[in-house]
Amino acid sequence: MGTVEENPKVLMETSPPHPAMHDPVGPQPLLAVAPGDLATWLKARHAPAWQAQAIRQWVIQRRAESFDVMTDLGKELRVKLEADFRPLGTQKIVEQKAADGTRKLLLRLWDGESVECVMIPDEERRTACVSTQVGCGMGCVFCASGLNGVLRNLKSGEILEQLIRLRNALPTGQRLTNVVVMGMGEPLANLDELLEALALAGDPKGLGIGARHITISTVGLPAKMRRLADLKKQYHLAVSLHAPDDALRQTIVPTNTGIDDILQAADYFFEKTGRQVTFEYVLLRELNDQKQHAQALAKRLGGRPAHVNLIPFNEVDGLPYRRPDDLALKVFIDELQKAGLSVKVRKRKGSEIDAACGQLRRRSERGVSLPLAPAASSSDHSLSK
Ligand code: SF4
């Protein structure tokens with residue numbers, strides 16, 4: 001990284017990695033510290049324990065990115081905080097903005113790894129798309145995020161920080177309205193940390209984004225889908241199928257555990273939460289986009305109160321897959337609709353930035369200047385597993 005791209009529609013800011021970001025024994029990211037531990041830290045310094053909540057709110061609600069701005073705390077305390085903590089543990093190393101307002105950040109984590117997150121504006125909505133792992137172990141063949149496997153799970157604070165960083169990039173007074181957990185990683189493979197982050201995002205004293213405005217996407221881990229269902233939260237669940245039968249799915253999602261099990265778990269989720277499940281389907285030319293695939297998919301999903309999101313693949317250098325042609329797409333939609341399924345085709349957003357899942361991180365890692373447009377893998381703006 002370190003170069004400014006020559007695309008007038010793209011704002012790219014870069015900065016060298018902060019040395020402390022590589023030092024796990026340096027000042028700790030504030031959101032990695034449990035509120036109780038922060039209260040204990042305060043008490044040991046003769047400060048009131050209740051200030052732990054106030055300090056966290058400065059970061060989560062009041063956009064503080066340094067202790068200096070926390071002017072209702074004494075100067076001496078701010079100096080001590082500065083010595084032991086960092087308000088945010090991530091460092092923004094790249095920021096890209098597309099003409100349609102889509103904004104993508106590449107964040108450096110404390111161990112030098114990096115993750116991507118995206119903010120997609122759409123009329124009154126401002127949707128954040130966040131990552132849950134460094135890399136991904138699911139290996140979907142069309143996706144840049146899974147190319148090197150999974151390196152580690154993100155901590156809840158690292159997931160929450162993506163939301164905070166995206167919100168802080170919005171003008172004062174604007175808030176994030178929705179969250180989709182569709183960035184790098186398989187969210188259900190890191191469910192505990194994700195749930196902790198989403199609880200804070202949903203807290204009216206946090207970011208105030210309620211469960212009904214949050215979509216969790218999965219490639220289909222049946223046991224975890226059932227666990228999520230048992231919590232009876234109002235999160236929306238999106239399940240990526242990408243094929244109507246196991247033989248084909250195996251070639252697209254090598255970690256496929258069997259469509260029957262996945263659909264039964266999806267039915268269970270609907271039963272427990274009352275929330276209709278969305279099925280995501282990336283269309284790859286001549287691989288899974290033919291009329292017989294649509295018919296088989298319609299048969300497989302038949303009778304379910306299901307919604308299908310179709311995502312025409314956008315071509316990426318180095319991958320052999322192609323976008324479906326318009327006629328194939330139309331036929332596919334018609335077949336699903338004839339079977340009574342509700343169908344949407346995903347809108348393309350932020351196409352001139354590296355907005356697809358894993359694309360920007362790979363550019364950064366390789367130090368290679370890849371073409372900026374069209375950028376896509378699983379979707380145009382990371383909104384698919
Ligand atoms: S599409 Fe999602 S689940 Fe599949 S490899 Fe990419 S990040 Fe992982």
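**Note on helices 4 to 6 and two positive-phi residues**

1. In helix 6 (residues 222-230), the buried positions are Pro222, Met225, Leu228 and Ala229. Viewed down the axis of helix 6, these buried residues fall within an arc of 120°, so they line one face of the helix. An α-helix has 3.6 residues a turn, so residues three or four places apart point the same way. The model is predicted, and every point in this note should be read with that in mind.

2. The opposite side of helix 6 can be described as well. Ala223 and Asp230 are exposed and sit on the face turned away from the buried side of helix 6.

3. As to what covers the buried residues of helix 6, the list includes two helices and two strands: helix 5 (191-202) and helix 8 (259-273), together with strand 11 (214-218) and strand 12 (236-240). Helix 5 also takes part in the packing described next, where its partner is helix 4.

4. Helix 4 (residues 156-168) and helix 5 have axes that come within 8 Å and cross at roughly 40°. That angle makes helix 4 oblique to helix 5. The crossing of helix 4 past helix 5 is right-handed.

5. On the helix 4 side of this contact are Ser156, Ile159, Leu160 and Leu163, and they meet Glu193, Leu194, Glu196, Ala197, Leu200 and Ala201 of helix 5. Sorted by class, the contact between helix 4 and helix 5 comprises 7 nonpolar, 1 polar and 2 charged residues.

6. Lys232 merits a check of its backbone. Lys232 follows helix 6 and lies in the loop between helix 6 and strand 12. Its phi is positive, about 55°, although Lys232 is not a glycine. Is Lys232 buried or exposed? Lys232 has 11 C-beta neighbours inside 10 Å and therefore counts as exposed, the cut-off for that class being 12 or fewer.

7. His242 is another residue to check. This residue, which is not a glycine, also has a positive phi, near 65°. His242 is placed in the loop between strand 12 and helix 7 (246-252). With 28 other C-beta atoms within 10 Å, His242 is buried, since that class begins at 20.

8. Taken together, the two loop residues can be set side by side: Lys232 is exposed, whereas His242 is buried. Strand 12 borders the loop of Lys232 and the loop of His242, and strand 12 is also among the elements that cover the buried residues of helix 6.

Conventions
Residues numbered from 1 in each chain as written. Predicted model: local features only at pLDDT ≥ 70, side-chain atom pairs only at ≥ 80, totals over all residues. Helix = DSSP H or I, 4+ residues; strand = E, 2+ residues; numbered from the N terminus. Arc of directions from axis to C-beta. Contact = placed C-beta atoms within 7 Å. Axes fitted to C-alpha atoms, helices over the stretch in contact; angles between N-to-C directions. Parallel < 35°, antiparallel > 145°, perpendicular 65-115°, else oblique. Left-handed = near helix turned anticlockwise from the far one by under 90°. Nonpolar A, V, L, I, M, F, W, Y, C, P; charged D, E, K, R; others polar.
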